[in-house]
Amino acid sequence: MLKTFSLGGVHPAENKLSAGQKIEVLPVPEQVSVPIAQHIGAPSEPLVKKGDTVKVGQLIAKSAGFVSANIHSPVSGIVQKIDDVLDASGYKRKAIIIKTEGDEWDESIDRSPALNKTIVASPEEIVKKVGAAGIVGLGGATFPAHVKLSVPPGKKCDVLILNGVECEPYLTSDHQLMMEKGEEIMVGTQILMKGLGVDRAIIGIENNKKDAIEHLTNLAKDYSGIEIQPLKVQYPQGGEKQLIDACIGRQIPSGKLPIEVGAVVQNVGTTFAVYEAVQKNKPLFERVVTVTGKSVSKPSNFLTRVGTPISTLIEAAGGLPEGTGKVIGGGPMMGKALSSIEVPVTKGSSGVLVVPEAESKRSEVQNCIRCSKCVSACPMGLSPYLLMTLSNKAMWDRAEEGKIMDCIECGSCSFTCPSSRPLLDYIRFGKGKVGQIIRGRNK
Amino acid sequence: MNVVLITIITLGALGAVAAIILYFVAQKFKVFEDPRIDQVEEVLPAANCGGCGFPGCRAFAEAMVKADDISTMNCPVGGAEVMAKAAAVLGKEVEAAAPKLAVVKCNGTCENRPRLTTYDGASTCAIAASLYGGETGCSYGCYGLGDCVEACTFDAIYMDEETGLPVVDEEKCVACGACVSACPKNIIELRKQGPKGRRVFVSCVNKDKGAVARKVCSAACIGCKKCEKECPFGAITVVNNLAYIDDSKCKLCRKCVVVCPTNAIHEVNFPPRKPKPAIESTEKKSAE
C-alpha cells in the first residue's frame, strides 16, 4: 500500500501526453518581455533603463524586500522600454522589454555541461547564492526559495522534502527533468541539505512516474541521506502540506508553515535551479515548460527563456490547433486561462495547456444539492459549499471562522461538484477579502 | 360549576399578582429612550438602505438625536425635504444638500469596445475582476456582470442588453451609494443631479496612455487635455491620463463636450442643440 495524504483528494484523468518527450531547447526569441512581478511578494525594482545593453544572466531587476526575488536578463540585447505588458495575471503590469542581439552570456556563468559534485559553498553562501540567483519555487507558487532556506530563529528543520510529485494532470516538465537531470537534482538536494543543515531528504514521486522513481533510486545510492518515496497517485499531493503529510505523516497546524513541523519543501525543478546557481553560477532565467493538450500535434517539454511569448511555444509544438477554446497557463486543475497567447513565460510557468472548444466550456451552474462531495474531496478539511455561500453573501467573519485562509486553491471541490458550482472561484475571492481584513487588523 | 369558578378566581388572582410585579419591575428597570428618536424615525423614509452611512433608518435617527451638529448628515433617499422635517423635530440646523444621482462612467459598449475573450466563470464582477482585466482590452471599464444591479435595493439599475452596460433609472435612484461600493472597478460615482437633471460628466475611467486607451475603446478618455484648456471655470483636471469634471465647479456650459475628440464627455437632459456636424453623436446621447 503506497503512502498518500490522509484527507480528501481527487484523481482526475492523468493525460500525461508529453511524458517521455525529451527536453527540447527552444531558440532564443527575438524579443522578450520580462515582468518584474514573477514571484510572490514585492515586485522587483528595475535596474536597467531604455537603451541599456544587457547580457544573458545580468541582473536587471533587484529584489525589493525580504520576500521578493532578483530577476536576470534571459537574453543578450538592448532594453527597448519598460512598459505595461499583459501577463498571466490578466492585467497589464510592468515588464522589461529586451530586443535580442546574439546570445552573449555573462562571463561568470559556467556553461560547461560537466557535473560538478563538490560542494564548496558554506551554508550561508548557499542561501546567499540562491537569493542572488533569483530562484523561486518553480512548482508554480513562485515563493522565493532563499526565504524558505532561512530557518527562522527558534525553529528547527530536520528533514528536506523534495516535490517530484507533479500531481497536475497533463504536466510533465518535472518528470522529464528528473529523468534527464537526475544527477544534478541529487547534487542540488545535497546543496539544499547543507544550506538547511539537515542530513535527511525525501524525494516524493507519484507512482505514475515509475521510470523516474527507478532512475532516482539508482542514483540516490551514491548520495547519503537521500530517500526516494513512491506515492499513490492522488491530487493535490504536490501541495506542500499534503506532501509532508504523505511523506512523513506530520500535519501542519492551521495558518502555520511547514517549518513548524520541522520540514522544508522544495520542488525538483527548483532543486535543479539551485544546483545551477551554486555550482555553475547560473541565475534563474530559463525553465522547462510543458506544452500540451489533446489537440496539440506535438506535445513537448521545452527549455525556454523567461519572457518568451507563449505563442512561440505553441508554435513550436505544432501551432495553435483549429477550434481551440482556451489556453491555460499551468495545469488544468490550478492553472489559469490566459486572456492572450502573447503573455510571456515567467519563472512560475510550468505548462501551457491547449483545450479544445468542446472541453473548455463550463457546464451550467445548478443548485447545491448538499451531497457534501466537496467536503469529502477537500484536502484541508474545509466545507467548500459553505465557504462559497459565505463569500457570496460577504460574511467575512464567518468565512474566517470557517478557515477560508487554509484553502490551498487546489480546485478539488469544483472538480468534484456534480452541480458544476464555481466553488473555488468564490472561495478564492473570499480568501482575498478575508486576507485583506486580517492584514488590516495586524497593522 | 364550582371547579370552573375556582379556576377563574385562581388564574385571575395569579394574573393580578403577576401584573403588579411586572408593573414595579418595569418601573424599576425602565430604559429611557429619547422620544425624539421615534419622531425622527417616523419622518425618515424607512428604506434602510444605509446611504446615510448608518445601519438603517433607526440608527440614523439615533445618531441625529445624539449629534450636536447635523448639518453634515444627509438622507439621500428623503433629500432636503426629509432632512428639513427631521431638523424641525430636533430644532437643529441642516444644510440642504444638493440631490445626487449614481452616474455610470463607462461607455464601453460592444460597438465602442470589442470583446477579445469570453468569460465563463462565476458570474459576478468582483470575481471576474480578481481574475483578469475583463473581456475587452480595457481593464478599467465595465465587466457587465451586474454586481451593481444586484446591490441596488431600489430597482434603479438595469443592464442594457444592447450595450452591455448598466443604466441608472433617474426616477428611482436615490443615491444611496450601494452600487458605488459594489462596483469593483469604481466606475459608478454619485454626482449632483443638476438643475432639471442636467449633467455633464466624463464617461470613462481608463487611466492608460491615450494611444493605448484609444486602441481598445473608441469612446475612451485619452487624456488629451483639450477639455481642461477649454473649461472657463477650471472645473476639469486631467490626472493619470483621465479627465475629471468637478461638479461643484461645473457651470454646465458644455464647451468641453464639443471639443472632446472621442466623445467621452457626456451631457444629459439638455434640450437638443442646433444641429452642428461636430456634435452629432453627443446629441444622440442627450436624446436618450
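**Exercise 1. Two domains that meet**

Find how many residues of domain 1 of chain A are in contact with domain 2 of chain A, and where these domains lie.

*Solution.* Start with the count: 6 residues of domain 1 of chain A are in contact (heavy atoms within 4.5 Å) with 7 residues of domain 2 of chain A. Next, look up the bounds, which come from an automatic or database domain assignment: domain 1 of chain A covers 123–280 and domain 2 covers 373–441. Finally, take the centres over C-alpha atoms; they are 28 Å apart.

Before you go on, a word on the ground rules. This is a predicted model, in which local features need pLDDT of at least 70 and side-chain atom pairs count only at pLDDT 80 or more, while totals for chains, interfaces and linings use all residues. Residues are numbered from 1 along each chain as its sequence is written, chains are lettered from A and ligands numbered from 1 in the order in which they are written, and side-chain values use heavy atoms, with hydrogens and water left out.

**Exercise 2. Inside the nonpolar core**

Work out which residues touch the most other members of the largest nonpolar core, then list the contacts of M186(A).

*Solution.* First, the term: a nonpolar core is a set of buried Ala, Val, Leu, Ile, Met, Phe, Trp, Tyr and Cys residues joined through side-chain atoms within 4.5 Å. Buried means under 20% relative accessible area, exposed means over 50%, and partly exposed is in between, using a 1.4 Å probe and protein chains only. The largest core has 47 residues, and I135(A), L160(A), M186(A) and I203(A) touch the most other members. Then set aside the neighbours of M186(A) within four places in sequence: M186(A) is in contact with I203(A), L216(A), L219(A), A220(A), Y223(A), I226(A) and I228(A). Another core, of 30 residues, lies apart from this one, and includes C374(A), C417(A), I127(B) and L131(B).

**Exercise 3. A covered helix and two backbone details**

Decide how many residues of helix α3 of chain A are buried, and then inspect P236(A) and A394(A).

*Solution.* Helices (H or I, at least four residues) and strands (E, at least two) are DSSP runs, numbered from the N terminus. Helix α3 of chain A spans residues 173–180, and 6 of its 8 residues are buried. They are S173(A), D174(A), H175(A), Q176(A), L177(A) and M178(A). Now move to P236(A), in the loop between β11 (226–231) and α6 (240–248) of chain A. A cis peptide bond joins Y235(A) to P236(A), with omega about 0 degrees. Last, A394(A) sits in the loop between α11 (384–392) and α12 (396–401) of chain A. A394(A) is not a glycine, yet its phi is positive, about 55 degrees. Its relative accessibility is 43%, so A394(A) counts as partly exposed.

**Exercise 4. Two loop residues in chain B**

Is K105(B) buried or exposed? Do the same check for L252(B), and list the contacts of each residue, leaving aside neighbours within four places in sequence.

*Solution.* K105(B) is in the loop between β1 (100–104) and α5 (125–131) of chain B. Its relative accessible area is 11%, so K105(B) is buried. The contacts of K105(B) are I187(B), E189(B), F201(B), V202(B), S203(B), C204(B), V205(B) and Y244(B).

L252(B) belongs to the loop between β7 (242–245) and α10 (255–259) of chain B. With a relative accessible area of 21%, L252(B) is partly exposed. L252(B) is in contact with P195(B), R198(B), R199(B), V200(B) and F270(B).

**Exercise 5. The outline of chain B**

Explain why chain B is more spread out than a compact globule.

*Solution.* Begin with the inventory: chain B has 11 helices and 8 strands. The radius of gyration, taken over C-alpha atoms, is 27 Å for chain B, well over the 19 Å that the globule rule gives for 288 residues, so chain B is more spread out than a compact globule. The rule itself is 2.2 Å times the number of residues to the power 0.38. Next, the box along the principal axes that the C-alpha atoms of chain B fill is roughly 100 × 50 × 30 Å. Then turn to the domains: domain 1 (1–30), domain 2 (36–90) and domain 3 (100–268). The centres of domain 1 and domain 3 of chain B, over C-alpha atoms, are 67 Å apart.

To finish, check the confidence. On pLDDT, the predictor's confidence in each residue from 0 to 100, chain B has a mean of 89, and 95% of its residues reach 70 or more. Over residues 282–288 of chain B, however, the pLDDT is below 50.
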